[in-house]
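Reader: I want to see how each label on this model is earned. Can we go through them in turn?

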2 protein chains.
Amino acid sequence: MLTYNLTDLGSGPLYEHLYKSIKNDIIQGVIKIGDRLPSKRPFAKNLGVSVITVENAYAQLLAEGFIYSMPKRGFYVSDFENTTEEKKVPFKKGTVPVIGEESPCYADFSSNQTPSDLFPFTIWSKVIREVLNDSRAQLMTNPPCGGIFPLRESIAKYLKEFRGMNVCPEQILVGAGTEYLYGLLIQLLGSDKVYAVENPGYPKLAKIYGSYRVACEWVDMDGSGIRTEQLEEKKVDIVHITPSHHYPTGIVMPVSRRYELLGWASKGDGRYIIEDDYDSELRLSGQPIPTLQSIDISERVIYMNTFTKTLCSTVRISYMVLPQELLMRFYERLSFYSGTVSNFEQYTLARFMEEGKFETHINRLRNYYRLKRDALLEAVHKSKLKAVVSISGEEAGLHFLMDIHTPLEEEEVCSRAKSQGIQLAPLSKYYYGRPGQVKNTYVMNYSSIDMGKADEIMEQLYKSCIE
Amino acid sequence: MLTYNLTDLGSGPLYEHLYKSIKNDIIQGVIKIGDRLPSKRPFAKNLGVSVITVENAYAQLLAEGFIYSMPKRGFYVSDFENTTEEKKVPFKKGTVPVIGEESPCYADFSSNQTPSDLFPFTIWSKVIREVLNDSRAQLMTNPPCGGIFPLRESIAKYLKEFRGMNVCPEQILVGAGTEYLYGLLIQLLGSDKVYAVENPGYPKLAKIYGSYRVACEWVDMDGSGIRTEQLEEKKVDIVHITPSHHYPTGIVMPVSRRYELLGWASKGDGRYIIEDDYDSELRLSGQPIPTLQSIDISERVIYMNTFTKTLCSTVRISYMVLPQELLMRFYERLSFYSGTVSNFEQYTLARFMEEGKFETHINRLRNYYRLKRDALLEAVHKSKLKAVVSISGEEAGLHFLMDIHTPLEEEEVCSRAKSQGIQLAPLSKYYYGRPGQVKNTYVMNYSSIDMGKADEIMEQLYKSCIE
């Protein structure tokens with residue numbers, strides 16, 4: 001039987017010394033490939049150590065692929081030189097994406113990403129520094145599940161000033177992105193409810209409801225927004241809408257439809273409206289309309305907003321405003337959850353807002369996007385594209401719609417554009433179950449487009465859509 | 001009918017001018033409390049504006065509580081001076097907690113919180129500064145849903161060096177806290193499965209499964225950990241365990257039970273083990289045992305760990321390691337989710353790890369906690385408490401168990417301690433459905449205890465448990 005001297009070994013656990021000794025003998029060829037290692041009990045007795053020490057050493061060798069186990073027969077030395085690669089790294093490289101959404105495209109109209117020079121790095125760094133200097137004890141104090149109070153105060157103040165909303169900081173719950181908050185809401189409102197999303201709409205929403213395995217209906221839009229009568233027909237309990245600026249059509253829901261929806265909600269028990277105000281700050285023109293939350297007296301509106309559009313997409317902070325009854329339910333049932341946003345970022349953002357820097361930043365952002373939109377539309381008008389497109393929904397947000405009049409099929413246009421490095425997002429992809437309803441209309445998300453290339457892009461887009 | 005001159009108004013939307021004019025008249029008493037406002041259509045016609053302008057003005061007045069609506073009758077001026085408070089802020093203050101977990105206790109043994117002087121503020125600040133200077137473009141690039149690659153590489157390297165685990169960065173998914181990751185796992189593994197948690201165990205886990213409305217069984221522990229035969233009896237699909245250091249008993253699962261569990265998992269389709277390695281870095285003595293993940297050849301172990309214990313509880317970064325098959329399923333079904341941890345913190349942590357600072361910090365933490373534990377145990381031994389208590393589970397983590405031999409009821413001891421500002425956590429609270437099994441054993445979470453007060457605390461604890 002193998003034997004090792006396990007006395008006078010200095011520091012480190014006993015099993016590790018044993019594991020190293022055996023491993024060394026395997027590598028040196030002292031113990032051969034295919035050899036059976038001694039059974040644990042007699043080996044332990046022989047070495048004068050506990051069985052657990054031998055077990056641990058074998059487990060480590062097994063983990064590293066030097067030995068393998070044959071049920072009821074024992075442990076054998078592996079052909080480790082040939083097999084370690086597979087054994088140690090069972091994961092096949094290259095089978096899943098690992099790189100970020102940084103696309104190799106020349107012009108990506110399919111998603112929005114904050115241009116890096118637009119983020120206020122200098123001010124943000126300064127605020128972080130101040131927070132790290134001034135608030136050490138607070139930074140280390142576990143926040144309440146809804147978020148640190150100063151941030152919720154800043155948000156309440158902001159909602160009052162910019163959206164005319166009267167909410168208490170206590171009603172605001174902060175979370176790591178709206179997607180996370182949707183998950184919380186499903187837990188709060190119940191997985192036995194029927195949820196509804198807009199058709200067309202943001203496809204991710206239905207995916208999220210699907211992933212939680214809750215019933216989710218697509219409800220058609222008309223020119224004023226989601227159609228209230230379909231909510232009754234489809235027995236919807238909770239409707240998820242983007243009234244300030246519908247994604248992707250850009251429709252702003254008029255007050256009349258807002259009242260209609262509030263009427264629908266107050267008619268049945270457990271009916272709620274999720275008001276997703278995701279980019280209301282980026283309205284470039286047109287009248288602001290009061291939020292549903294602010295004209296709701298039946299406590300049926302859950303207001304949601306995010307900093308991912310206004311600050312940057314890679315700082316993950318969103319929030320929702322719950323009506324009183326839901327808030328109480330939240331505290332009863334879900335307040336055991338820890339917060340999902342780090343204190344460091346919560347305090348930094350709170351201070352950034354308190355000092356008026358968020359307001360300045362949004363104004364800068366709005367100006368930037370207005371100029372960008374204008375320049376892009378100008379590039380369209382200067383190009384040959386002008387003759388074959390019509391534009392709509394350009395008043396708000398970070399996208400507009402572009403109708404291309406072409407005999408080509410949508411797929412053809414997309415693939416021709418793609419071969420030029422231009423990624424298009426057809427509006428039809430935002431429709432559920434009604435293929436062919438819209439054709440050759442594209443959602444032009446322009447935030448990440450390099451304006452220096454605008455003319456060139458339009459030129460190539462034109463080539464993609466003529467025969 | 002009311003009339004206003006709405007020409008030559010300068011900037012701002014029309015409805016806002018109208019809203020302000022009416023509001024002013026209400027405040028001035030020109031329009032009296034209880035007065036009915038003109039119907040929208042004739043009023044609009046009279047003013048020469050669109051109905052929508054009137055609607056928006058009324059909506060704003062309604063939102064601010066100056067008017068109220070009577071169904072089918074119209075809008076009336078509120079007794080706003082008496083009612084604005086309630087109408088504008090329907091939320092009743094003081095009904096929900098808003099302050100953090102910062103307890104007013106003198107000694108809180110019920111939870112762990114990183115002492116603020118233990119966090120490496122200077123180094124962390126320096127690393128943040130470097131990241132903000134060097135990585136602007138990366139900071140603004142949307143990360144893949146699993147987290148930025150450099151952080152996943154650092155974690156893989158760390159797992160290799162400190163836990164002997166061979167995992168690819170691709171297998172690692174980063175999220176804002178383990179609680180968030182549990183939610184992802186439920187979506188991934190299915191809500192129709194039977195989950196199991198340890199009894200006794202961390203009560204939050206069962207709450208989370210309950211909140212997702214999935215079947216959750218409590219499975220008894222013996223001296224080696226969770227009892228495998230009960231998993232069969234209770235038809236469990238997924239078992240959630242803390243084998244490196246059971247919370248709260250401190251049991252370390254021996255290799256034999258680990259193999260037994262792996263055997264259980266590989267016997268049935270869809271069986272998985274969630275290995276929660278939440279504080280393995282804080283082992284203070286005793287032999288480290290290989291993780292289940294590293295001795296699993298059937299791809300049935302999901303390994304989880306968190307930085308909330310090792311870095312600080314208010315930086316919300318955790319991760320899990322998925323076996324290949326689950327990883328593919330994750331990318332198929334759930335990769336539409338955006339990440340939940342901000343890029344700023346991901347890049348900071350990656351750099352912090354790369355530069356070896358995490359290792360240094362953990363060593364420092366371990367030393368600090370070892371000294372703290374020793375000093376606390378020393379204080380017990382020096383005090384009269386010594387005669388009436390026995391201690392166990394002090395080798396790892398941030399807590400030990402203290403048995404108090406007293407004729408008093410547990411509730412009595414807790415409430416007497418509480419009146420002295422000492423918050424105790426009875427072990428019985430971690431048991432499900434077996435009241436009275438353990439009595440007067442306390443889980444002593446010591447990380448936030450002020451050691452300067454240790455002798456005094458023991459003195460008072462003693463007083464709380466003698467008749």
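Author: What follows takes the chain interface, then a domain interface. The model is predicted.

Reader: What makes chain B and chain A count as being in contact?

Author: The cut-off is heavy atoms within 4.5 Å. On that test, 96 residues of chain B touch 97 residues of chain A. So the two chains are in contact.

Reader: How much area is buried between chain B and chain A, and what share do carbon and sulfur atoms give?

Author: About 8900 Å² is buried between chain B and chain A. Carbon and sulfur atoms give 59% of that area.

Reader: Which helix supplies the largest share of the side of chain B that touches chain A?

Author: Helix H3 of chain B, residues 51-63, with seven residues. By class, that side of chain B has 48 nonpolar, 29 polar and 19 charged residues.

Reader: How many salt bridges are counted between chain B and chain A?

Author: Zero. A salt bridge needs a side-chain nitrogen of Lys or Arg within 4 Å of a carboxyl oxygen of Asp or Glu. No pair between chain B and chain A is counted under that test, so the total is zero.

Reader: And how many residue pairs are in polar contact there, between chain B and chain A?

Author: 22 residue pairs, both residues at pLDDT 80 or more. Here the pair is of N or O atoms within 3.5 Å, one able to donate a hydrogen and the other to accept it.

Reader: Now the domains. How is chain A divided?

Author: Into domain 1 (14-85), domain 2 (107-112 + 367-465) and domain 3 (119-355). The bounds come from an automatic or database domain assignment.

Reader: How do you know that domain 2 and domain 3 of chain A touch, and which residues does each give?

Author: Their centres, over C-alpha atoms, are 29 Å apart. The contact takes 20 residues from domain 2 of chain A and 17 residues from domain 3 of chain A. The two domains bury about 1700 Å² between them, 59% of it on carbon and sulfur atoms.

Reader: Which three residues supply the most of the area domain 2 of chain A buries against domain 3 of chain A?

Author: A:His399, A:Tyr430 and A:Tyr432, with 32%.

Reader: What polar links are counted between domain 2 and domain 3 of chain A?

Author: Four residue pairs in polar contact, both at pLDDT 80 or more. The salt bridge count between these domains is zero.

Reader: Which element gives the most to the side of domain 2 of chain A that touches domain 3 of chain A?

Author: H14(A), with three residues. That side divides into ten nonpolar, four polar and six charged residues.

Notes: Residues numbered from 1 in each chain as written. Chains lettered and ligands numbered in written order. Predicted model: local features only at pLDDT ≥ 70, side-chain atom pairs only at ≥ 80, totals over all residues. Heavy atoms only, no water. Buried area = accessible area lost by both parts, 1.4 Å probe. Polar contact = N/O pair within 3.5 Å; in protein donor to acceptor, adjacent residues only side chain to side chain. Helix = DSSP H or I, 4+ residues; strand = E, 2+ residues; numbered from the N terminus. Nonpolar A, V, L, I, M, F, W, Y, C, P; charged D, E, K, R; others polar.
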